[in-house]
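Please read the following report alongside the sequence and the structure, which are shown just below.

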Amino acid sequence: MGVFTYEREVITEIPAAKLFNAVVLEGDTLLPKIIPQAIKNVELIEGDGGPGSIKKITFGEGSQFKYVKHKVEAVDKENLSYSYSVIEGDALISNALEKIVYEIKFSPSPSGVGSICKNTSKYYTIGEFEIQEEQIKAGKDKASAVYKAIEAYLLANPDAY
């Protein structure tokens, strides 16, 4: 088994706490509302949404995947961080990936306006499987589109969250 780590940052005009609230605390209802073509629904299968909880994300018509199940690893409201693992679903590529762990940290930008969202993705592979650059780029592009949609929604609805 190998572990491939990928990091990236997203810079946004939205304050860190507001973005954390929208993405982490309210994302289960917000994302299907603003990008239904990507995320059809999010269902809490087990737990209360905190660490140990299991969520099923059903993707929309525009997605190459049908669903994934996430296990919430950590929610830190004080430090604006969140971690979860993809533990089931067609995004795990049969016989190739054991799991994917995502760690997300929201921080105020150095200028004091907006925030920086640092994402770390760890792909736990099975056997000799290696993640291809085009797979990482495709995932990066989709994640960037989600953040842009959230940013646009929050800018258009300044009183939300």
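Which residue takes a positive phi in the hairpin of β6 and β7? In this predicted model, G112 takes a positive phi near 90° in that hairpin, which has six residues between the strands.

The two strands of the hairpin belong to an open sheet of seven strands, whose order is β1-β7-β6-β5-β4-β3-β2 and whose pairing is antiparallel. Because β1 and β2 stand at the edges, each with a single partner strand, one side of each is left without a neighbour in the sheet. From one strand to the next, the twist averages 25°.

Strand β7 (residues 115-125) is largely enclosed by the rest of the structure, because nine of its eleven residues are buried. The pairings of β7 are set out here, each with an example of opposite residues.

| Partner of β7 | Sense and bridges | Opposite residues |
|---|---|---|
| β1 (residues 3-12) | antiparallel, ten bridges | F4 and Y123 |
| β6 (residues 97-108) | antiparallel, eleven bridges | I104 and N119 |

In addition, S107 stands opposite I116 in β7.

Helices also lie on the sheet. Helix α1 lies across β1, β4 (67-76), β5 (81-89), β6 and β7, and runs at about 150° to β6, while α2 packs on the sheet by touching β2 and β3 (54-59), its direction making about 160° with that of β2. The buried residues of α2 (residues 27-34) are G27, L30, L31 and P32, and these buried residues pack against α1 (16-25), β2 (39-46) and α3 (133-156).

Note on methods:
Residues numbered from 1 in each chain as written. Predicted model: local features only at pLDDT ≥ 70, side-chain atom pairs only at ≥ 80, totals over all residues. Heavy atoms only, no water. Buried < 20%, exposed > 50% of the residue type's maximum accessible area, 1.4 Å probe, protein only. Helix = DSSP H or I, 4+ residues; strand = E, 2+ residues; numbered from the N terminus. Contact = heavy atoms within 4.5 Å. Pairing = 2+ DSSP bridges. Axes fitted to C-alpha atoms, helices over the stretch in contact; angles between N-to-C directions.
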